[in-house]
Amino acid sequence: MTDCVFCAIVEGDVPSDTVHETDDALAFLDANPLAKGHTLVVPKAHHERLGDVPPEEAEGFYAALHEVVPAVEAAVDAPATTVAVNNGEPAGQEVPHVHAHVIPRFPDDSAGP
Ligand code: 5GP
Ligand code: ZN
């Protein structure tokens, strides 16, 4: 079994609430949400940093993000989202498998980074 929790989620060895799935990417709810509907989008293949993702996989990752962002906004009726990647440990990356946070935002909230 992998020691990467997001690989384990992709493989179905660790449970998660799936939001969206494509051939290249998986979107699931964050276990510690900053707002209702806070979603993580990950490439299915293990890469630690954004720059490690090969272009053909990056395309699939972005395509999934492009679909997930409006779907999350619609699901929780949010007028906006913060979409963020903590790219490297000093930037706050705790899980070393590329992931984008999709955080629903509302006027005057405090969910942002
Ligand atoms: P980072 O700080 O690396 O950008 O964000 C990692 C995110 O992954 C955190 O928001 C954290 O709540 C989430 N997370 C960590 N472990 C798990 C897990 O096992 N399941 C889910 N659904 N989210 C996780
Ligand atoms: Zn991984």
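**Ligand shell, core and the histidine 99 loop**

Of the 14 residues around ligand 1, those that come nearest are Ala31, Asn32, Asn86, Glu94 and Val95. Sorted by class, this shell is made up of 7 nonpolar, 5 polar and 2 charged residues. The model is a predicted one, and everything below should be read with that in mind.

Turning to the interior, the largest nonpolar core holds 20 residues, and Ala25, Ala27, Val41, Val42 and Val68 touch the most other members. At least two residues of this core come from each of helix H1 (5-11), strand E2 (25-29), strand E3 (39-43), helix H2 (55-76) and strand E5 (100-105). Alanine 27 gives a good idea of how these pieces meet. Not counting residues up to four places away in sequence, alanine 27 touches Val19, His20, Thr39, Leu40, Val41, Ala64 and Val68. Two of these partners, Val41 and Val68, are themselves among the core members that touch the most others.

Now for the strands. E5 pairs with E3 in the antiparallel sense over 3 bridges, and threonine 39 has valine 102 in E5 as its bridge partner. E5 also pairs with E4, again in the antiparallel sense, this time over 5 bridges. Here threonine 82 has isoleucine 103 in E5 as its bridge partner.

The loop between strand E4 (80-84) and E5 is where histidine 99 sits. This is the residue covered by the "active site" annotation in UniProt, which comes from an unreviewed entry. Is histidine 99 buried or exposed? It counts as buried, because 24 C-beta neighbours fall inside 10 Å, and the cut-off for that label is 20 or more. Leaving aside neighbours within four places in sequence, histidine 99 is in contact with Phe6, Leu40, Val41 and Val42. Of these, Val41 and Val42 also feature among the core residues that touch the most other members.

Cysteine 7, in helix H1, tells another story. With 17 C-beta neighbours inside 10 Å, cysteine 7 falls short of the 20 needed to be buried but has over 12, so it counts as partly exposed. Once neighbours within four places in sequence are set aside, the contacts of cysteine 7 are Thr2, His46 and His97. Along the chain, cysteine 7 and proline 43 are 36 residues apart, yet their C-alpha atoms are separated by 9.4 Å.

Conventions: Residues numbered from 1 in each chain as written. Chains lettered and ligands numbered in written order. Predicted model: local features only at pLDDT ≥ 70, side-chain atom pairs only at ≥ 80, totals over all residues. Near = placed C-beta within 6 Å. Nonpolar A, V, L, I, M, F, W, Y, C, P; charged D, E, K, R; others polar. Core = buried A, V, L, I, M, F, W, Y, C linked by C-beta atoms within 7 Å. Helix = DSSP H or I, 4+ residues; strand = E, 2+ residues; numbered from the N terminus. Contact = placed C-beta atoms within 7 Å. UniProt positions renumbered as here; feature names shortened; annotations may be inferred. Pairing = 2+ DSSP bridges.
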